[in-house]
Amino acid sequence: MDGGDFDHPVRGRLNAWGIAALDGAMHRLYAGIKGRLLRDVPPVVVELGPGAGANLRYLPKGTRLIAVEPNRHMHPILRRRAAQHGIELDLRTLAGEAIDVPSESVDMVFASLVLCSVASQEQVLGEVRRVLRPGGRFACVEHVAAPPGTAARRAQRLLARPWKWMFEGCDLCRDTGAALRGAGFSAVDVRPFVLPASLGPIRHQIEALCVK
Ligand SMILES: C[S@@+](CC[C@H](N)C(=O)[O-])C[C@H]1O[C@@H](n2cnc3c(N)ncnc32)[C@H](O)[C@@H]1O
């Protein structure tokens, strides 16, 4: 995919606008977790689906960020914010299923709220492992399926189809922790957490750190 799937005239723009508008609120929710996951960031990193740049503030000034972002509507704000944060942006209009980065060439890949939307978690995680050097890290924070048998899980199932249409492929019902554990990393640390009820169908989340 070269970004064409994100060219819907209304949704692509709406999602870019929405993500940018929620930036401050997201930072308040995730600052602690992202601060933990994104410590000791190496000078060159790959981010999958950076959107409007919610994670730029956690990177040291001067970091070279290889940003794999298929939705072109996100690009102008991402470019502007990268410049504001002193990040050297290397923007690729690509999906994470096929990353144009050489094998074993980077020490860290990260993503937030992206594995819910990719077409194939297996392919994306395979690509993450391919581009990481041995010992390299993959860090992510993702919303996931609520525990089986709960009202939250039933609500996710009910909402799944319209949600997926509106949010360009976002699947409320994924067991991303299992996908990470099955992806062939040498170590995987998955920590579940629950956000306030106001976050509705995306309140069940995980933070994860995987080592190749
Ligand atoms: C919910 S937004 C999250 C944006 C940002 N990471 C954040 O935390 O605010 C999901 C992002 O993933 C991107 N995305 C969707 N499918 C993708 C794929 N296959 N590969 C890479 N990025 C993808 C979308 O374009 C969007 O920018």
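This briefing describes the ligand site, the largest pocket and the largest cavity of the structure shown above. The model is a predicted one. The ligand occupies the largest pocket, and the protein also holds one cavity of 30 Å³ or more, found in a search of the whole structure. Serine 112 belongs to the lining of that cavity and is also among the closest residues to the ligand.

**Surroundings of the ligand**

- The ligand is surrounded by 19 residues, of which Gly49, Glu69, Gly96, Glu97 and Ser112 are the closest.
- In terms of class, this shell consists of eleven nonpolar, six polar and two charged residues.

**Polar contacts of the ligand**

- At glycine 96 the backbone takes part, with an N or O atom lying 2.8 Å from a nitrogen atom of the ligand.
- Glutamate 97 places a polar side-chain atom 2.9 Å from a nitrogen atom of the ligand.
- The side chain of serine 112 has an N or O atom 2.5 Å from an oxygen atom of the ligand.
- Taken on its own, the ligand has 590 Å² of accessible area, and the protein covers 91% of this.

**The largest pocket**

- The volume of the largest pocket, whose space is taken by the ligand, is about 1000 Å³.
- Its lining comprises 45 residues, and those closest to the centre of the pocket are Ile19, Met74, Leu113, Ser117 and Phe167.
- Two or more lining residues come from each of helix H1 (11-21), helix H2, strand S1 (44-48) and helix H5 (151-166).
- Helix H1 provides the largest share of the lining, with six residues.
- The lining of the largest pocket divides by class into 27 nonpolar, eleven polar and seven charged residues.

**The largest cavity**

- The largest cavity has a volume of about 50 Å³.
- Its lining is made up of Lys34, Leu37, Leu38, Asn55, Phe110, Ala111, Ser112, Ala139, Cys140 and Val141.
- At least two of these lining residues are supplied by each of helix H2 (23-37), strand S4 (106-112) and strand S5 (132-143).
- Seven nonpolar, two polar and one charged residues form the lining of the largest cavity.

**Elements shared between the two spaces**

- Helix H2 contributes to the lining of the largest cavity and is also among the elements that line the largest pocket.

Note on methods. Residues numbered from 1 in each chain as written. Predicted model: local features only at pLDDT ≥ 70, side-chain atom pairs only at ≥ 80, totals over all residues. Heavy atoms only, no water. 1 Å grid on protein atoms, 1.4 Å probe; cavity = no way out; pocket = protein on both sides within 12 Å on 5 of 7 lines; lining within 4 Å. Points joined across faces, edges and corners; volume = space filled by probe spheres on them. Helix = DSSP H or I, 4+ residues; strand = E, 2+ residues; numbered from the N terminus. Nonpolar A, V, L, I, M, F, W, Y, C, P; charged D, E, K, R; others polar. Near = heavy atom within 4 Å. Polar contact = N/O pair within 3.5 Å; in protein donor to acceptor, adjacent residues only side chain to side chain. Areas by Shrake-Rupley, 256 points an atom, 1.4 Å probe, with all protein chains shown as cover. Sits in = over half its atoms within 2 Å of the grid points.
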